[in-house]
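This briefing concerns the structure shown below. It takes up the protein–DNA contacts, strand by strand, and then the pairing of two protein chains.

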Number of protein chains: 4
Amino acid sequence: MSSVAARRIAGNTHRRAPEIIEAAARVFAERGYHGASTQAIADVLGIRQASLYYYFASKEEALEQVCMMGGEGFVERAVAIAAGPGAAVDKVRALIHAHLSPLLDRRDFVLVFLRERHHLPDESRRRVGRLARRLERIFQEVLEAGVRAGEFPAELDCRLATLALLGMCNAAPGWYGKEPGATVERIAAEFGRLAVDGLRGETR
Amino acid sequence: MSSVAARRIAGNTHRRAPEIIEAAARVFAERGYHGASTQAIADVLGIRQASLYYYFASKEEALEQVCMMGGEGFVERAVAIAAGPGAAVDKVRALIHAHLSPLLDRRDFVLVFLRERHHLPDESRRRVGRLARRLERIFQEVLEAGVRAGEFPAELDCRLATLALLGMCNAAPGWYGKEPGATVERIAAEFGRLAVDGLRGETR
Amino acid sequence: MSSVAARRIAGNTHRRAPEIIEAAARVFAERGYHGASTQAIADVLGIRQASLYYYFASKEEALEQVCMMGGEGFVERAVAIAAGPGAAVDKVRALIHAHLSPLLDRRDFVLVFLRERHHLPDESRRRVGRLARRLERIFQEVLEAGVRAGEFPAELDCRLATLALLGMCNAAPGWYGKEPGATVERIAAEFGRLAVDGLRGETR
Amino acid sequence: MSSVAARRIAGNTHRRAPEIIEAAARVFAERGYHGASTQAIADVLGIRQASLYYYFASKEEALEQVCMMGGEGFVERAVAIAAGPGAAVDKVRALIHAHLSPLLDRRDFVLVFLRERHHLPDESRRRVGRLARRLERIFQEVLEAGVRAGEFPAELDCRLATLALLGMCNAAPGWYGKEPGATVERIAAEFGRLAVDGLRGETR
DNA sequence: CATGAATGAGCATTCATTCAT
DNA sequence: GATGAATGAATGCTCATTCAT
């Protein structure tokens with residue numbers, strides 16, 4: 001690694017770095033990683049394609065940075081909610097709300113994290129994939145605690161319920177912004193109710 | 001027009017055509033449309049790259065065929081269920097079951113339909129996209145009928161609920177096969193219960 | 001590795017392969033490996049640059065092929081000479097002659113072997129480098145045998161003498177063809193005499 | 001003209017100039033001119049790539065400076081030896097010694113002069129090439145004088161013998177430092193003997 | 001049916017170089 | 001003296017596609 005690259009990773013002192021990585025996120029989100037050319041990213045920024053390489057060492061590294069920003073915070077917020085006091089139903093509502101909130105300011109990053117992270121090279125894919133698995137586990141543990149507390153029926157398949165919840169939430173970045181009237185608050189409220197009622201399961 | 005071209009346009013009387021398109025589906029599902037090279041498809045089949053062009057005129061056409069097969073049947077099955085007799089809750093369960101059933105034998109096709117269809121050229125993308133929108137509408141109409149029938153609370157946001165249901169179901173092709181014990185029947189049963197209970201909403 | 005590439009290496013059934021690799025040898029010899037563009041090689045052949053990649057998988061692989069052809073035969077011929085009967089002085093003359101003879105029909109290949117092989121990636125560089133070291137050893141052993149037989153003085157530094165002989169010979173590809181009247185036979189004869197007399201060393 | 005440019009042209013009053021050019025020599029020697037990036041030179045020095053341009057106007061100019069330093073002195077020393085008194089055999093020994101002595105403190109420069117000078121642009125290549133040709137001529141004239149003096153046999157091909165001597169000597173920078181025990185003095189002594197005895201040619 | 005050979009277009013990346021600070 | 005930022009030009013390489021056989 002050249003000394004320039006070394007410093008870049010260590011510090012990221014580049015003034016325009018955030019702007020550049022946001023452009024990458026936008027283009028990756030729109031066209032997918034392999035469908036996105038570095039030229040397209042440069043066009044968004046109004047700079048030459050070669051100039052991008054002043055900011056990242058490779059397209060793959062740019063994807064990794066976008067994915068990291070798309071994935072970060074989820075686990076922390078979820079941990080805080082799960083570890084806090086309160087009933088499982090309240091935690092589920094809070095988890096859903098927290099999970100949807102990055103839609104507001106980081107939709108592209110989240111979308112890329114969800115859809116494109118498996119195109120990362122092995123090592124960073126695993127690193128980034130761990131985030132997703134930890135998040136799943138937290139959701140699932142909250143559900144399991146809810147079952148133990150008698151808030152949810154004993155027959156609940158917590159694994160499938162977790163996948164249902166995450167599927168529901170993770171689809172949102174795909175249509176958010178195209179559904180008139182669907183603010184993050186409204187989505188979180190409605191999804192929270194659907195989830196809680198579905199999990200309680202009067203049917204059983 | 002040569003007889004070869006004629007046959008191709010007429011629509012796939014080639015002996016190995018199903019085998020070929022399945023290979024394409026597999027590779028598109030694994031690597032994404034732009035990440036998949038025609039070479040990779042040929043490797044799966046054990047033939048030369050150039051030979052693929054005996055079966056489809058372009059990579060885009062292959063994607064279109066995969067997407068058509070991935071999307072077909074959904075609307076028909078959903079229409080039959082929605083038009084039939086019975087309560088809304090039963091219809092919702094049936095819709096979910098019908099929506100998940102192609103996982104068994106067409107997972108790759110469905111995955112490609114869900115994830116890669118927006119890489120199609122304009123015209124065929126719209127054609128294929130119509131399928132998705134019609135399906136959404138059917139789901140939503142069943143929910144609205146359920147509200148009118150008093151099965152679901154009047155406050156239910158049928159649009160968001162539809163998106164929740166589809167999000168939950170459409171995530172399944174992404175993890176189906178990796179979750180031990182999760183058969184289509186079990187998933188459909190659990191998701192059906194979650195959905196119905198969530199929609200009924202004892203909370204409200 | 002794609003199946004196409006696999007077959008290529010295994011069999012090399014390509015009709016024009018020798019022609020292509022000879023063009024690479026010429027351009028590498030003229031401009032050095034890093035100074036040679038694949039475009040320049042294509043120009044020599046009158047084909048498009050991309051078409052080269054039908055014949056080799058990478059520029060590095062082309063260099064390796066050229067180096068292999070530039071280095072092959074030397075060891076075999078030297079072994080045959082060293083193992084044969086006869087006096088050391090005769091063997092030295094024969095070794096020199098054998099070492100110079102590829103000038104006639106493979107000057108570019110030998111030049112590339114001598115000058116550019118250290119630009120090969122680690123593994124193939126070592127493989128190719130072994131050839132050179134084996135050759136050195138054979139030369140040196142013949143000299144040592146000559147010392148033991150009393151043909152050369154005991155004070156002869158066989159290591160340095162080997163390096164002297166090879167240096168003298170290996171410079172020839174650099175000027176062969178530019179020195180009027182210097183045929184391979186004449187060079188071999190003169191260099192043989194210089195070597196033998198130098199080694200015998202009446203001075204000592 | 002700015003004073004900075006003036007100084008640069010005038011010729012290197014920069015404090016760190018010797019250090020910079022030595023780094024260039026080292027990198028050129030290791031990787032070849034085209035294989036060496038200016039970044040690699042900067043890395044050796046611990047400065048930024050752009051800062052190099054304070055010391056030379058272009059990579060080609062750096063090569064020229066290295067080549068000049070690698071080639072200078074040879075002709076002067078050779079002229080002094082050839083013009084001096086003494087027998088041809090002594091002059092040959094002295095020429096070889098003088099030719100090898102820069103190995104001690106300028107190996108990289110000499111190596112670059114020998115191997116990379118043909119990558120110079122036309123004009124400076126010719127300038128630098130003249131040095132080499134003059135040196136050859138001096139060697140050859142000493143040999144021819146030796147023949148006329150009866151020190152060497154009349155049949156000696158002085159041209160080929162010159163090329164043999166220079167080939168032998170010019171290979172040394174390639175392996176000097178890797179052969180344990182091979183000091184410049186020992187190499188010069190051994191090569192001198194080999195050369196003188198070879199030239200005298202008891203065989204003839 | 002299938003393939004060997006070839007190609008045009010595009011792509012990520014490198015690199016020497018410039019210049020305001 | 002030295003650097004951060006940027007660039008133009010090239011470079012090695014990939015890939016979908018064509019076509020004669």
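In this predicted model, a polar side-chain atom of Tyr53(B) lies 2.7 Å from a phosphate oxygen of DNA strand F. The backbone also takes part in contacts with DNA strand F, since an N or O atom of the main chain of Arg48(A) lies 3.4 Å from a phosphate oxygen of that strand. A base is reached as well: a polar side-chain atom of Gln49(B) is placed 3.1 Å from a base nitrogen of DNA strand F.

**Surroundings of DNA strand F**

- There are 33 residues around DNA strand F, and those that come nearest are Ser51(A), Tyr55(A), Tyr53(C), Ser51(D) and Tyr55(D).
- Sugar or phosphate accounts for 69% of the atoms of DNA strand F within 4 Å of the protein, and bases account for the rest.
- H4 of chain A and H4 of chain C each supply at least two residues of the surface near DNA strand F.
- The residue classes on the surface near DNA strand F are 14 nonpolar, 11 polar and eight charged.

**Surroundings of DNA strand E**

- Around DNA strand E there are 33 residues, of which Tyr53(A), Ser51(B), Tyr55(B), Ser51(C) and Tyr55(C) come nearest.
- Of the atoms of DNA strand E within 4 Å of the protein, sugar or phosphate contributes 69%, the rest belonging to bases.
- The side chain of Thr38(A) has an N or O atom 2.8 Å from a phosphate oxygen of DNA strand E.
- A polar backbone atom of Lys59(A) is 2.7 Å from a phosphate oxygen of DNA strand E.
- Chain B contributes Arg16(B), with a side-chain N or O atom 3.3 Å from a phosphate oxygen of DNA strand E.
- Helix H4 (49-52) of chain A and helix H4 (49-52) of chain C are the elements that give two or more residues to the surface near DNA strand E.
- By class, the surface near DNA strand E consists of 14 nonpolar, 11 polar and eight charged residues.

**Symmetry of chains A and B**

- Chain A is superposed on chain B by a rotation of 180° with 0.0 Å of shift along its axis, at an RMSD of 0.1 Å.
- This is the relation of a two-fold axis.
- Within chain A, Gly198(A) has the C-alpha nearest the axis, 1.8 Å from it.

**Interface between chains A and B**

- Chain A gives 31 residues to the contact, and chain B gives 31 residues.
- The copies meet through the same surface, because 100% of the interface residues of chain A are also interface residues in chain B.
- About 2900 Å² is buried between chain A and chain B, with carbon and sulfur atoms giving 58% of that area.
- Four salt bridges are counted between chain A and chain B.
- A salt bridge joins the side chains of Arg159(A) and Glu179(B), with an N to O distance of 2.7 Å.
- Eight residue pairs are in polar contact across the interface of chain A and chain B.
- On the side of chain A that touches chain B, the elements giving two or more residues are helix H10 (158-175) and helix H11 (184-200) of chain A.
- H11(A) provides the largest share of that side, 10 residues.
- The residues on the side of chain A that touches chain B comprise 13 nonpolar, seven polar and 11 charged.

Technical notes:
Residues numbered from 1 in each chain as written. Chains lettered and ligands numbered in written order. Predicted model: local features only at pLDDT ≥ 70, side-chain atom pairs only at ≥ 80, totals over all residues. Heavy atoms only, no water. Least-squares fit on C-alpha atoms with pLDDT ≥ 70 in both. Contact = heavy atoms within 4.5 Å. Buried area = accessible area lost by both parts, 1.4 Å probe. Polar contact = N/O pair within 3.5 Å; in protein donor to acceptor, adjacent residues only side chain to side chain. Helix = DSSP H or I, 4+ residues; strand = E, 2+ residues; numbered from the N terminus. Nonpolar A, V, L, I, M, F, W, Y, C, P; charged D, E, K, R; others polar. Near = heavy atom within 4 Å.
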